[in-house]
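Thanks for coming. I have one structure to go through today, and I will keep it short. Please have it open in front of you.

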Amino acid sequence: MKSSSFFACAGTVLLAALLAGCDTPQSRIDRSPEIFARLNPDQQALVKKGQVGIGFDMDAVKLALGDPTRVVERTTPQGERQIWHYVTYEDYDGVIIYGGYYHHWRGWGGPYFYGGVPYYDGYPARVHDRFRVEFDSTGHVVAIDQEKP
């Protein structure tokens with residue numbers, strides 16, 4: 001009896017943790033309705049689909065795509081630009097092992113790693129920069145790079 005109760009509780013906790021970890025455009029909109037409300041209807045439609053457009057500000061991009069995996073600063077004679085990268089980790093056959101902000105610590109240890117390393121550590125993987133968003137000095141999107149399937 002006690003072991004079945006333990007497994008039932010453990011299963012419930014695991015399911016709750018998995019569901020809480022799902023970060024979708026709608027969950028981000030629900031957390032920041034004031035940012036969503038200031039977007040025009042066309043921008044709102046794109047955000048709901050997890051897409052971004054030229055002219056979006058950084059907050060709108062975060063609503064649509066979430067936090068970037070990494071951020072790069074580019075300095076040119078025209079000024080500074082910030083580039084947000086959205087990365088996935090894939091095996092060499094192109095199968096996504098994981099993508100998302102929480103795995104940008106690969107090799108550092110962190111809250112979602114088993115034993116201080118990612119659960120796929122040692123598994124042959126490549127980092128795939130699947131989506132990049134470039135901002136001008138005012139923080140608005142000026143370029144979007146997305147690999148097509």
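**From one loop to the core**

I will start with L39, which sits in the loop between α3 and α4, the latter being residues 41-48. A caution before going further: this is a predicted model. Is L39 buried or exposed? Its relative accessibility is 9%, so L39 counts as buried, the cut-off being under 20%. Beyond its neighbours within four places in sequence, L39 is in contact with Q44, V47, A60 and L63. L39 and D57 are 18 residues apart along the chain, and their C-alpha atoms are separated by 9.7 Å.

D57 brings us to helix α5. What does D57 do at the N-terminal end of α5? D57 caps that end, with a side-chain oxygen 3.2 Å from the backbone nitrogen of D59. Just after α5 comes G66, which takes a positive phi of about 90 degrees. Within the helix, the buried residues are A60, V61, L63, A64 and L65. Two of the residues just named, A60 and L63, are also contacts of L39.

Now the core. The largest nonpolar core has 18 residues, and those with the most contacts inside it are V47, V52, V61, L65 and V133. Which elements give two or more residues to this core? They are α3 (33-37), α5 (58-65), β2 (79-90) and β4 (126-135). The largest share comes from α5, with 5 residues. As general background, nonpolar side chains tend to be buried together in soluble globular proteins.

Take L65 as one example from that list. Not counting residues up to four places away in sequence, L65 touches R28, G50, V52, Y86, F131 and V133. V52 and V133 in that set are themselves among the residues with the most contacts inside the core.

Next, strand β2. Why do I call β2 largely enclosed by the rest of the structure? Because 9 of its 12 residues are buried. Strand β1, residues 70-76, runs antiparallel to β2, and 7 bridges join the two. The connection from β1 to β2 is a hairpin through 2 residues. In register, R70 stands opposite H85 in β2.

One polar residue in β2 deserves a look, and that is Q82. Which side chains does the side chain of Q82 meet in polar contacts? One is that of E73, at 2.9 Å. Another is the side chain of W84, at 2.7 Å. Leaving aside neighbours within four places in sequence, Q82 is in contact with M58, V71, V72, E73, V133, E134 and F135. V133 therefore turns up again here: Q82 is in contact with V133, as is L65, and V133 is one of the residues with the most contacts inside the core, which has the buried nonpolar make-up that defines such a core.

Last, the overall picture. The protein has 5 helices and 5 strands. Along the sequence the pattern is α-α-α-α-α-β-β-β-β-β. Of the 149 residues, 31% are buried. Among contacts with a separation of 6 or more, 47% are between residues 24 or more positions apart. The accessible surface comes to about 9800 Å², and carbon and sulfur atoms hold 57% of that.

That is what I have.

Conventions:
Residues numbered from 1 in each chain as written. Predicted model: local features only at pLDDT ≥ 70, side-chain atom pairs only at ≥ 80, totals over all residues. Heavy atoms only, no water. Core = buried A, V, L, I, M, F, W, Y, C linked by side-chain atoms within 4.5 Å. Buried < 20%, exposed > 50% of the residue type's maximum accessible area, 1.4 Å probe, protein only. Helix = DSSP H or I, 4+ residues; strand = E, 2+ residues; numbered from the N terminus. Contact = heavy atoms within 4.5 Å. Polar contact = N/O pair within 3.5 Å; in protein donor to acceptor, adjacent residues only side chain to side chain. Areas by Shrake-Rupley, 256 points an atom, 1.4 Å probe, with all protein chains shown as cover. Pairing = 2+ DSSP bridges.
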